[in-house]
Amino acid sequence: MEMLQDSKQLVDWFRNSAPYINAHRGKTFVLMLGGEALETDNFQHIINDIALLNSLGVKLVLVHGVRPQIQKQLDLNGHTSQFVDDLRITDDKSLTLIKQAVGAVQIELQSRLSMGLTNSPMQGAAIRTVISNVVTAQPIGIKDGIDFCHAGKVRKIDVVGIRTQLAAGAIPVISPLGYSVTGEVFNLLAEEVATQVAVGLQADKLIGFCSNIGVLDDEGEVITELLPEQAQQHVDLMELESGQASGTLRFLRAALAACKAGVARSHLISYYEDGALLKELFTRDGVGSQIVKESYERIRTATIDDIGGLLALIRPLEEQGILVKRSRELLENEIAYFQIVERDGMVIGCAALYPFAAEKMGELACLVSHPEYRRGARADNLVAHIERKARKLGLESIFVLTTQSIHWFRERGFEFAELNQLPAAKKELYNLKRNSRILIRKIR
């Protein structure tokens, strides 16, 4: 029985992930893998997941860090280096040791990726990697009287070179070393390299592996989505609370910079969690935090001022008999149950969540998208938003009553149900003449 249950979960997961597999194919993702990740027991799983993404047609660029490996080299050789403003002062001896550490990490990454998907039918599948010399750098120089020596910053990214490598089906592996036009070598921040690569490529995503599962709220819960101004608030707070920047803070800064420069989505996930990369990309809610560009389109709770927009949106469907008619007075009384999609002040989508706490169920009702905006994923986003609200309320399932959208909900995992499965209060209001089909989906 347990094996059958596991098989069903696998089938359900695969079905639910199919839209994301299709959406990500051919897209360009820049992965920022800190040197700390290579030291964990989960490292091989991360490599397997990268190989799997590659096999699904995702174009990947891997930027790696090397901080702990550098520290090991320094300790072994009895050498020290200082950090100022999170930048390592890189003297001649430090640079020599950094080169050794970078070389070792690159060899390790290529070795692991060359194995393909271990313990699977794809073991040994050819995955081409290329050490990518695409970063032109310049020295930081002297700041506030401090000579940073061979520490540098990104001057230019060879975007054409990276695209050529991606077109050939390779995974470019980029280190935090840059080279000047005069042949000098500079030690760079890996997060800065990843950001500049993502911006230059106009990548679809920048994904960073951190020690934390993402950005956490005051209660220790992961914040699934942040706009730039929200991300900046967390950066400011983390800078106040810590001395030397953590990997999470460094990448959050990088993600924020990438977002402001045009990268649509940046994700923070944990290198400790097995399968975090796949869960973040192929499940509805993900497991980490994502920083998204500020948009003139957003989902929010409706207010009394939105009544006019709501009525204009739902009246045509009520007249067609697709929706149950709601009076203006009823809408005003129930406005707190509604979530709307607003675009430039216009209501272009809505959905309502009516909770039934005793049965731990919620009704998803009045799901509508404006006719001119139905090509996007707004309805799916609304459903996901409603589900998150339902979970916060402690609900375990949501149900819908529909006459003409049965297949749409079935495609999204809703199952047929009977009248006796509805909450008692809802059963009393069920309209037998309308004969709506009942569909339920578990959300926990």
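## Terms and overview

Helices (H or I, at least four residues) and strands (E, at least two) are taken here as DSSP runs, numbered from the N terminus. With that in hand, His-370 can be placed in the loop between strand E20 (361–369) and helix H12 (378–392). This is a predicted model, in which local features need pLDDT of at least 70 and side-chain atom pairs count only at pLDDT 80 or more, while totals for chains, interfaces and linings use all residues. Residues are numbered from 1 along each chain as its sequence is written, and side-chain values use heavy atoms, with hydrogens and water left out.

The protein has 14 helices and 23 strands. Its C-alpha atoms fill a box of roughly 85 × 50 × 40 Å along the principal axes. Of its 444 residues, 48% count as buried; buried means under 20% relative accessible area, exposed means over 50%, and partly exposed lies in between (1.4 Å probe, protein chains only). A contact means heavy atoms within 4.5 Å. Among contacts between residues at least 6 apart in sequence, 70% join residues at least 24 apart.

## Two residues to look at

Back to His-370: with 16% relative accessibility, this residue counts as buried. Leaving aside residues up to four places away in sequence, His-370 touches Leu-313, Met-346 and Ile-348.

Val-173 sits in strand E10 (residues 171–174). Val-173 counts as buried because its relative accessibility is 0%. Again without residues up to four places away in sequence, the contacts of Val-173 are Leu-62, His-64, Leu-109, Thr-129, Val-130, Ile-131 and Ser-132. Ala-261 lies 88 residues from Val-173 in sequence, and their C-alpha atoms are 23 Å apart in space.

## Strand E15 and its partners

Now for some strand pairing, where two strands pair if DSSP finds at least two bridges between them. Strand E15 (residues 265–270) is mostly covered, with five of its six residues buried. E15 pairs with strand E13 (residues 205–210) in the parallel sense, over six bridges. One place to find this pairing is Arg-265 of E15, the bridge partner of Lys-205.

E15 is also joined to strand E16 (residues 289–292), by four bridges and in the antiparallel sense. Here Ser-266 stands opposite Ile-291 in E16. E16 pairs in turn with strand E14 (residues 225–226), this time parallel and over two bridges, and Leu-226 stands opposite Ile-291. Within E16, Ser-289 and Ile-291 point one way, Gln-290 and Val-292 point the other way, and all are buried.

## The cavity

A search of the whole structure turns up one cavity of 30 Å³ or more. On a 1 Å grid over the protein atoms alone, a cavity is a set of points where a 1.4 Å probe fits but cannot get out, and lining residues have an atom within 4 Å of a point. Grid points are joined across faces, edges and corners, and a volume is the space filled by probe spheres set on the points. For the largest cavity, that volume is about 40 Å³.

The lining of the largest cavity is made of Asn-42, His-45, Ile-46, Asp-49, Phe-209, Ser-270, Glu-273, Asp-274, Gly-275, Ala-276 and Leu-277. Helix H2 (43–55) and helix H9 (276–282) each supply at least two of these residues, and H2 gives the most, with three. By type, the lining divides into four nonpolar, four polar and three charged residues. In this scheme Ala, Val, Leu, Ile, Met, Phe, Trp, Tyr, Cys and Pro are nonpolar, Asp, Glu, Lys and Arg are charged, and the others, Gly among them, are polar.

## Aromatic pairs

A pair of aromatic rings is described by the distance of the centres and the angle of the planes. Rings of Phe, Tyr and Trp (its six-membered ring) pair if their centres lie within 6.5 Å; planes under 30 degrees apart count as stacked, over 60 as edge-to-face and the rest as tilted. The structure holds five aromatic pairs. One of them is the tilted pair of Tyr-271 and Tyr-272, at 4.9 Å centre to centre with 55 degrees between the planes. Tyr-271 is buried, at 7% relative accessible area, whereas Tyr-272 is exposed, at 54%.

Phe-409 and Phe-414 form an edge-to-face pair, 5.2 Å centre to centre and 80 degrees between the planes. Phe-409 is buried with a relative accessible area of 6%, and Phe-414 counts as buried at 0% relative accessibility. Together with Trp-408, Phe-409 and Phe-414 form one aromatic cluster.

Terms used:
On a 1 Å grid over the protein atoms alone, a cavity is a set of points where a 1.4 Å probe fits but cannot get out, and a pocket is an open set with protein on both sides within 12 Å along at least five of seven lines; lining residues have an atom within 4 Å of a point.
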